[in-house]
Each structure stands twice: as C-alpha cells, then as structure tokens.
Amino acid sequence: MRIGILALQGAFIEHKFALDALGIESFEIRQKRDIEKPFDGLIIPGGESTVIGKLLRQLDLFEPIKEMIENGMPVFGTCAGLIVLAKSIEGENPHLGVMDISVRRNAYGKQIDSFSNEALIPEISIAPFPLVFIRAPWIDSVGENVQVLCELNGHIVAAREKNMLVTSFHPELTKNTAVHEYFMNMIKGE
C-alpha cells in the first residue's frame, strides 16, 4: 500500500510518522508529477485551508486531485483537510467541494483556544483515544449519505462519506494510530 500526503503546507510530516509507525509506505505530494505514479490513498493534513486551496490551484493539482477523489480515491482530511474537502464553508467559497458537509472554520476559536479531549469512536477503536483540536473547525451539517462518527459537545468532529474520511481533530499529533488504521482499512475495503 502506498499513501500520498499533500505536503504543500501544514502538519504533513506528522502523518508520515503515523504511517511509518504502521509500516505503511508514503510519499509527499508537492507538485503535479508527484501524482503520476499510482497510489492507494491520499491524506490532506491540517494547516491553513485557504493557503492549501490556493496552492492546489497554482500547482495544477486541484483538478487531478478532485477527479481522483470523485472517482473513488480514498482520502482522509484532518482539520484544514476537512475544510478543503467540504462542499460548503460558512462565509467562504468551497475548495475541492467533494464531501457533502457544511463546515465552520476556526469554530473553536483562536490558537490560544486549542485543547485536547478524549472520546470513544466505536467505528474506529474499542478504547477511547485522544483528540487534539488546534483552531479547529466543526461540521455544522451533513448530507444524507454522510455517516457521523463522532460528536463532541453537540458538534460533529468526525465523519465519513463513501471514500472520504474527515476529522476536525489531529490524530497525527498523538501516538495513537487508530484513525490512521481505520483509514487503511477503508482503503482495503473493510
């Protein structure tokens, strides 16, 4: 299995470390030629969604990546990656706009308002695991084909639609690999 990690900006190296811990091959996507060889899944990391959206267009990655996802490429977006995938962003135009969710950027506040929590997400793990929120978004609403995986204090913070998985928290910033393992199982069709 080979996973591409969008490495334009943000916490991409932490995703590589999580995949390394699982023995999964990964590579960084920085330009169009990086996606010419086949790969099995894509991770869009946390960072700044507006910057990621602009760089996708400037580097001619926008259309090919959008097309790959629409054609079934498994994708996992964390924090900013969730925003990049969303069909609707409060007060903004969408970026890739492939997942039937409506999101609110920086819903939990500024950098200083970042926090950690713990949750049990039965679809992902049999034990509670840490959730790290950094200037995190939340999902305001989901389409009928979207499965809500986790809510925290009345707000949706993890969801899945077909080949797309999103979290508003950063599993890559913890030692727990449960969410990455879940994504690997999605890729395998489990």
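Two strands count as paired if DSSP finds at least two bridges between them. Keep that in mind for the first stop. The model on screen is predicted.

**Stop 1: strand β6**

Select residues 99-104, which form strand β6. Add residues 138-142, strand β9. β6 and β9 run antiparallel and share 4 bridges. Pick S102 and look across: S141 of β9 stands opposite.

Now add residues 86-89, strand β5. β5 pairs with β6 in the parallel sense, over 3 bridges. For a landmark, label A86 and M99; M99 is the bridge partner of A86 in β6. While side chains are shown, recall that in a regular strand they alternate between the two faces of the sheet.

**Stop 2: R104 and its two acids**

Stay on β6 and show the side chain of R104. Which residues form salt bridges with R104? One is E90, at 3.2 Å from N to O. E90 lies in the loop between β5 and β6 and R104 in strand β6, so this salt bridge ties together parts 14 residues apart in sequence. Another is D140, whose closest N and O atoms with R104 are 3.5 Å apart. Here the link runs from strand β9 to strand β6, across 36 residues.

Switch on a surface next. R104 is partly exposed, with a relative accessible area of 29%. E90 is partly exposed too, at 46%. D140 is also partly exposed, at 35%.

**Stop 3: R135 and E48**

Select R135 and E48. Their side chains meet in a salt bridge of 3.0 Å, N to O. R135 sits in the loop between β8 (129-133) and β9, while E48 sits in the loop between β3 (41-44) and α2 (49-58), so the pair ties together parts 87 residues apart in sequence.

Is E48 buried or exposed? E48 counts as buried, because its relative accessibility is 18% and the cut-off for buried is under 20%. R135, at 29%, is partly exposed.

Extend the selection to E92 and R105. Salt bridges with shared partners join E48, E92, R105 and R135 into one network. A search of the whole structure finds 9 salt bridges.

**Stop 4: helix α2**

Move on to α2, residues 49-58. Colour S49, I52, G53 and L56: these residues of α2 are buried. They cover an arc of only 100° around the axis, so they lie on the same side of α2.

What do the buried residues of α2 pack against? Show β1 (2-6), α3 (62-70) and α4 (80-85); these are the elements they pack against. Then rotate to the face turned away from the buried side. It carries the exposed residues K54 and Q58. Step past the helix to D60, which follows α2 and has a positive phi, near 55°.

**Stop 5: L152**

Finish in strand β10, residues 147-152, and select L152. L152 counts as buried, with 8% relative accessibility.

Which residues does L152 touch, leaving out those up to four places away in sequence? Show Y108, F115, N117, F133 and V157; L152 touches each of them. One distance to check: the C-alpha atoms of L152 and A119 are separated by 8.2 Å. Along the chain, L152 and A119 are 33 residues apart.

Conventions. Residues numbered from 1 in each chain as written. Predicted model: local features only at pLDDT ≥ 70, side-chain atom pairs only at ≥ 80, totals over all residues. Heavy atoms only, no water. Helix = DSSP H or I, 4+ residues; strand = E, 2+ residues; numbered from the N terminus. Salt bridge = Lys/Arg side-chain N within 4 Å of Asp/Glu carboxyl O. Buried < 20%, exposed > 50% of the residue type's maximum accessible area, 1.4 Å probe, protein only. Arc of directions from axis to C-beta. Contact = heavy atoms within 4.5 Å.
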